[in-house]
Amino acid sequence: MTGRELVLNCEKMLNANTVYMWGCYGQRLTADLIERKSKQYPNRFSSARKDYLQILSDSGEWYACDCAGLIKNYFWGGFGNKLKYSALNDYGTESMKKASKRSGKISQMPEIPGIVVYKKGHIGVYVGNGDVIECTLGSRGDGVVLTKLTAAGWTDWFFAPDVQYEDDRPVKKIYVKPKIKDIFKKLITRRDKLK
C-alpha cells in the first residue's frame with residue numbers, strides 16, 4: 001500500500017455513512033457489533049450512545065470506525081475491502097506512532113499525501129492541500145470527516161507502518177458528498193423537541 005492508496009481509501013470512507021465507534025475499523029454497523037464492542041470497551045459506550053448507534057444500524061448501511069481503524073481497515077478487510085494483510089499489527093494511536101520509521105514535529109511535516117498526523121490519543125491522515133481525513137467524535141463531527149490541518153491541534157506527523165511513501169505529488173481537491181447522518185441527526189433532534 002502506498003500513501004496515495006491510503007488517501008484514496010480514506011476518501012472512500014469519507015463519502016460513506018460512517019460513525020465513530022471505539023475498537024472498529026470500518027465494519028458494517030450491526031446490533032451484534034454494537035453489543036460485542038460495548039462489552040469489550042464498557043467505558044466507551046454510554047447507554048445513550050448505544051441507543052444512537054442502534055438507531056443508525058436499523059436505518060441503513062452504516063460503517064463503524066475509530067481513528068486508528070481509518071488506517072487499519074484497508075489492511076484488515078473493513079469497509080468492503082478484501083483482506084490484504086491479516087498479519088498487520090493491531091496498532092493503536094501510540095503504538096502506531098512508536099512503530100513508525102520516520103516522524104517529526106507538525107511544523108516540519110513534508111507535503112506528502114498519506115502521512116499520519118498525531119496528537120496524544122488521536123490520529124488522522126493528511127491528504128494534501130492542508131486537509132486531513134480523520135475519524136472522530138466531538139466538535140469536528142462523528143465518524144470520518146474532512147478537516148483542516150490547523151483545526152485539531154496536531155503536534156506530530158509520522159509514516160504509517162507498512163505503507164510506502166514514494167509518491168509525493170500534490171493531490172486534487174477532495175469532493176465531499178452531503179452526509180445522510182447530518183440530516184438524520186436533525187430529524188432526531190426535531191423529533192426529541194416535539195416530545
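Buried here means under 20% relative accessible area. Keep that cut-off in mind for the tour, and remember that you are looking at a predicted model.

**Stop one: the aromatic cluster**

Select W157, F159 and Y165, which form one aromatic cluster. Start with Y165: at 15% relative accessibility it falls under the 20% limit, so Y165 counts as buried. F159 has a relative accessible area of 12%, so F159 is buried too. W157 is also buried.

Now look at how the rings sit. A pair of aromatic rings is described by the distance of the centres and the angle of the planes. The structure holds three aromatic pairs, and two of the pairs can be seen right here. Between W157 and F159, the centres are 5.7 Å apart with 55° between the planes, which makes the pair tilted. Turn to F159 and Y165 and you get a stacked pair, 4.1 Å centre to centre with 15° between the planes.

**Stop two: strands 5, 6 and 9**

Show residues 116-119 as a ribbon; this is strand 5. Next, add strand 6, residues 122-128, which pairs with strand 5 in the antiparallel sense over four bridges. The two make a hairpin with two residues between them. Click on G121 in the turn: its phi is positive, about 85°. For a cross-strand pair, pick K119 in one strand and H122 opposite in strand 6.

Strand 5 has another antiparallel partner to display, strand 9 (residues 156-158), and three bridges link the two. Select Y118 and look across to D156, its bridge partner in strand 9. Stay on Y118 and bring up K97 as well: the charged end of K97 sits over the ring of Y118, 5.0 Å from its centre.

**Stop three: another charge over a ring**

Select W22 and R44. Here the charged end of R44 sits over the ring of W22, at 3.6 Å from its centre.

**Stop four: the three-stranded sheet**

Which order do the three strands of the open sheet take? Colour them separately and you can read off 1-3-2, with mixed pairing. Strand 1 (18-20) and strand 2 (25-28) are at the edges; each has a single partner strand, so one side of each has no neighbour in the sheet. Sight along the sheet for the twist: neighbouring strands are turned by 30° against each other on average, direction ignored.

Zoom in on strand 1 and strand 3 (residues 63-65), a parallel pairing over three bridges. Pick V19, then find A64, its bridge partner in strand 3. If you turn on side chains, bear in mind that in a regular strand they alternate between the two faces of the sheet.

Then add residues 69-76. This is helix 4, which lies across strand 2 and strand 3 and runs at about 65° to strand 2.

**Last stop: the cysteines**

How many disulfides does a search of the whole structure find? Zero. To see some of the free cysteines, select C10, C65 and C135. C10 is in no disulfide, and its nearest cysteine sulfur, that of C65, is 8.6 Å away. C135 is in no disulfide either; again the nearest cysteine sulfur is that of C65, here 4.2 Å away. Why is that pair not counted as a disulfide? Because a disulfide needs the sulfur atoms within 2.5 Å, and the sulfur of C65 is 4.2 Å from C135.

Are C10 and C135 buried or exposed? C10 is buried, with a relative accessible area of 0%, and C135 counts as buried at 0% relative accessibility.

Note on methods
Residues are numbered from 1 along each chain as its sequence is written. This is a predicted model: local features need pLDDT of at least 70, side-chain atom pairs count only at pLDDT 80 or more; totals for chains, interfaces and linings use all residues. Side-chain values use heavy atoms; hydrogens and water are left out. Buried means under 20% relative accessible area, exposed over 50%, partly exposed in between (1.4 Å probe, protein chains only). Rings of Phe, Tyr and Trp (its six-membered ring) pair if their centres lie within 6.5 Å; planes under 30 degrees apart count as stacked, over 60 as edge-to-face and the rest as tilted. A charge sits over a ring if NZ of Lys or CZ of Arg is within 6 Å of the ring centre and within 35 degrees of the ring normal. Two strands pair if DSSP finds at least two bridges between them. Axes are lines fitted to C-alpha atoms, for helices over the stretch in contact, and angles run from 0 to 180 degrees between N-to-C directions. Contact means heavy atoms within 4.5 Å.
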